[in-house]
Each structure stands twice: as C-alpha cells, then as structure tokens.
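User: Could you take a close look at one part of this model for me? I would like to understand how the helices around one region meet each other and what joins them.

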Amino acid sequence: MVVLHDIYMAGRYCDELIAIREGRVSPAGSAWRVRSPDWRYPGVDFGLLKRRRKRVPLNRSSTFVKTMEANGTLHAKIRFSFLLKTAMELRQLRSFARVVELGSMGRAAAELGIVTSALSQQISRLESELATRLLQRTSTGVVPTDAGRAFLRQAQLAIRHADAAAMAAREARLTGQVSVGLASTTGTVLAPRFILAMQQRYPDVRLRMTESLSGHLASMLNARQLDLAIVFNTDSAQRWTVQPLLDERLLLMGLPSTPGWPTSEHISLAGLHEIPIVLPSPAHGLRQLIDAACARIGRTLNIAAEVDGLAMLMAMVRVGHVATIQPGAALPVDPSLSRLQLSDEHLHRRNMLVSLPEDELSPAALAARVVLSDVARTLVREGGWPGATLYSATEGRA
C-alpha cells in the first residue's frame with residue numbers, strides 16, 4: 001500500500017500509474033519505483049490526504065474508483081478523492097486582472113468600488129485555491145509572479161468569454177419600463193449619457209425620467225413610484241439598496257462683473273459676505289448643506305433671492321447681478337460662467353445611487369441600475385463631471 005499526504009503528489013502518483021499501465025513508462029524507469037506482482041496493475045489505496053495540517057478522510061461520494069480485472073482476478077483498485085475543488089468566481093478573475101493592470105491594491109479597490117481589505121481577501125483566497133503565489137508585494141505596489149502572469153493570460157481569456165456570453169444574453173432583447181429619478185443638477189450632466197447608453201444596450205427598455213428635489217425623489221422611491229434614483233441623503237430610506245457613487249465639490253459660479261466677485265482663485269464661505277447670492281429655498285438639500293456650513297463658521301450669506309428651478313436660477317446668474325453656489329454638474333447649463341472652488345472642508349455633496357430592494361426590481365431595472373452606475377463613473381474618469389471625484393470606501397469619501 002502507498003499512502004500519500006499531499007494532494008499534488010497524489011495526483012502525480014496517479015499520473016505515473018496510468019503511464020505505467022499504458023506502457024509509456026516502465027516500472028524500472030518510474031521515479032516512484034512502483035513494485036507489484038504484475039507491474040501493469042499496481043495496487044494503490046489512497047486512504048487519507050493531508051491538507052493545511054488537517055487530515056481529511058476521503059469522501060466516498062466524490063471518490064473515483066476504478067477496478068481492473070484480468071482473467072477474472074482483481075489486480076488493482078485505485079481510489080482518489082478530488083479534494084481540490086476550485087471555487088474561483090468571475091469576480092475574483094476581474095479583481096485580479098484589475099490589480100495587475102493598475103499595480104496597486106488601493107487603486108484597484110477604488111476602481112472596483114470595494115474596500116482594500118476585501119480585495120486583498122479575494123486575492124488571498126484565489127492564491128489559496130491555486131496553491132501558489134500570484135502577486136508579489138513591493139514598496140510601490142504589487143507585481144505579478146511568473147505564475148501570476150501565466151494565470152493572467154487565462155483569466156483574461158475567461159473574462160472575454162464571459163463578457164461575450166453576457167452580450168449574447170443582452171441581445172435577447174430585454175424589455176420593460178424603468179422609472180429613474182434625478183435631481184436637476186445631476187440630470188443635466190448624467191441624463192443625456194445615461195439615456196444614450198440605455199438606447200444602445202437595451203433598445204426595447206422604456207425609460208421614464210423624473211427631475212425633482214432629492215427629498216421628493218426619496219418620497220417617490222418609498223412610495224414605489226420610482227425604481228431607482230440618485231439622491232444626496234438616505235435618512236428616509238425604507239429598505240433601499242444604497243450604493244455611494246461620487247462626491248461633488250461646491251463651486252461659486254457667476255460673471256466676473258458680478259458685484260463683489262473675488263479677485264483671488266482661492267475663496268471660502270467667509271469671503272462671500274459682499275456678493276449677492278441666489279440659492280434654492282431652505283427645503284432644498286443643497287441649501288441645507290450650505291446653511292450648515294455657514295453655521296459652523298458663524299457667518300451668513302447675502303441672499304438676494306431664493307429660486308427652486310435650476311433653469312431660472314442660472315438665468316439670473318447670467319444677467320450678472322448675482323452669483324450662486326452649485327455643484328459642478330450645473331456648469332453644462334452655461335459653460336461660459338466663471339467658477340471658483342470653495343475651500344471649506346464640508347462643502348461637498350455625496351451622490352448615492354439608491355433603488356428598491358433587488359427582489360422588487362424587474363430585470364430591466366436591474367440592468368438600468370448597472371448602466372447608470374457605469375455611466376456616472378465613466379463621466380468622472382473622463383472629466384465630464386466638473387468637481388466630482390469617485391467615492392472611495394477606504395476613506396469614507398472621495
């Protein structure tokens with residue numbers, strides 16, 4: 001009897017036995033020095049395998065048993081348990097490929113929208129399943145080992161095949177209606193690209209777009225009048241699925257001819273007291289954010305008017321008598337306006353993609369949620385969303 005306590009060696013031994021039986025290797029030439037009354041049918045019984053310091057008994061339900069008989073006499077029985085079950089997921093392959101491409105766990109985690117520790121655990125599990133080191137950690141990041149480079153080529157092939165399968169599934173013509181809510185400033189920069197992407201990917205899905213205040217969008221989502229939305233506050237959430245997308249810095253916008261317009265490129269709320277400002281009413285989430293920031297520094301702004309419609313508000317700013325404080329997404333309304341970034345630490349607005357629970361979403365709504373997230377992230381990376389940075393889970397903000 002031969003008892004081996006290593007999975008790799010057990011596999012090598014089985015390969016050797018098959019080669020001997022088929023006449024490709026002689027017993028004398030075998031590195032294992034196989035001995036048996038009839039070398040063509042060596043007797044082997046793998047009783048126990050040892051993995052990670054634990055003795056694991058063979059699982060009879062997954063044991064391969066092969067008997068070979070000659071002239072009615074049992075000559076050999078080979079038992080081998082396939083204990084090394086590869087459970088890698090496509091998500092792990094994508095994560096590994098992204099880490100190698102960027103050369104950094106932190107940057108890859110930010111791109112994938114997960115924390116660095118979770119990404120590191122994915123890679124560690126992958127290395128454990130493959131029983132080999134795929135990445136070499138260095139002072140500047142990570143680089144693939146020889147095994148990692150070999151694995152990367154096959155992983156990229158598997159990803160391409162999976163993407164092709166997904167495309168084939170999409171081409172099955174997903175249908176249905178999806179209701180999406182966006183705030184006015186967000187919709188200005190995001191809606192055109194999102195609608196175009198949906199038309200290209202899912203031409204048979206009908207979109208119903210709603211433009212409203214963030215608080216109203218939240219109420220509509222709770223009332224099941226929307227499938228998904230981008231909001232800035234989740235205090236009223238009722239069984240939502242929430243995905244932080246990005247952070248927007250607030251900007252001072254106006255014409256240089258506006259009374260009191262700053263001459264310096266660096267300005268804070270404290271330096272705006274002489275400028276007539278037009279803002280949304282206090283019911284608007286943006287106004288509440290600005291008022292809270294002013295309260296922190298003990299200052300008030302010179303509010304000339306309150307306007308809840310973005311188009312009317314920006315029209316007043318274009319006249320040149322007032323300025324406004326808005327996120328960069330409002331710039332496409334009038335790119336000719338001057339803008340200055342406010343340096344106050346708390347003047348940023350988080351955009352969160354929220355939706356009904358997944359068990360309440362239709363396949364079309366699930367697909368639209370993915371497209372909306374992809375388009376928003378692409379806009380930020382391409383510089384098409386002024387003042388925006390992608391949300392980083394590792395730091396809690398962008």
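Analyst: Happy to help; what follows is a walk around helix H2 and the elements that meet it, with a short stop elsewhere at the end. Please keep in mind that this is a predicted model.

Let's start with helix H2, which covers residues 90-102. Its axis and that of helix H4 come within 10 Å and cross at roughly 110°. With angles of 65 to 115 degrees counting as roughly perpendicular, H2 is therefore roughly perpendicular to H4. On the H2 side, the contact is made by Arg91, Gln92, Ser95, Phe96 and Val99. H4 contributes Leu119, Gln122, Ile123, Arg125, Leu126 and Glu129. Sorted by class, the residues of this contact are 5 nonpolar, 3 polar and 3 charged.

H4, which spans residues 116-130, also packs against helix H3, residues 105-112. Here the angle is about 105° and the axes are 9 Å apart, so H3 and H4 are again roughly perpendicular to each other. From H3, the residues in contact are Met105, Gly106, Ala108, Ala109 and Leu112, and they meet Thr116, Leu119, Ser120 and Ile123 of H4. This contact has 6 nonpolar and 3 polar residues, and no charged ones. Leu119 and Ile123 of H4 are worth finding on your screen, since they appear in the contact with H2 and in the contact with H3.

Back on H2, Phe96 has a second role to look at. The count of aromatic pairs comes to 1. That pair is Phe96 with Phe151: the ring centres are 5.4 Å apart and the planes lie at 65°, so the pair is edge-to-face. Phe96 sits in H2 and Phe151 in helix H5 (residues 146-170), so the pair links distant parts of the chain, 55 residues apart.

Val100, another residue of H2, also reaches far along the chain. Leaving aside neighbours within four places in sequence, Val100 is in contact with Leu135, Pro144 and Leu152. For Val100 and Pro144, the C-alpha atoms are separated by 6.5 Å, although these residues are 44 apart along the chain.

Two of those partners lead us to a pair of strands. Leu135 falls in strand S5 (residues 135-138) and Pro144 in strand S6 (residues 141-144). S5 and S6 pair in the antiparallel sense over 4 bridges, and they form a hairpin with 2 residues between them. Within this pairing, Gln136 has Val143 of S6 as its bridge partner.

For contrast, here is a parallel pairing further along the chain. Strand S11 (residues 276-279) pairs with strand S12 (residues 302-306) in the parallel sense, over 4 bridges. Leu279 has Glu306 of S12 as its bridge partner. Together with helix H8 (residues 285-297), S11 and S12 make a right-handed β-α-β unit.

Terms used:
Residues numbered from 1 in each chain as written. Predicted model: local features only at pLDDT ≥ 70, side-chain atom pairs only at ≥ 80, totals over all residues. Heavy atoms only, no water. Pairing = 2+ DSSP bridges. Right-handed = clockwise from strand over helix to strand, strands pointing away. Axes fitted to C-alpha atoms, helices over the stretch in contact; angles between N-to-C directions. Parallel < 35°, antiparallel > 145°, perpendicular 65-115°, else oblique. Contact = heavy atoms within 4.5 Å. Nonpolar A, V, L, I, M, F, W, Y, C, P; charged D, E, K, R; others polar. Phe/Tyr/Trp six-rings, centres within 6.5 Å; stacked < 30°, edge-to-face > 60°.
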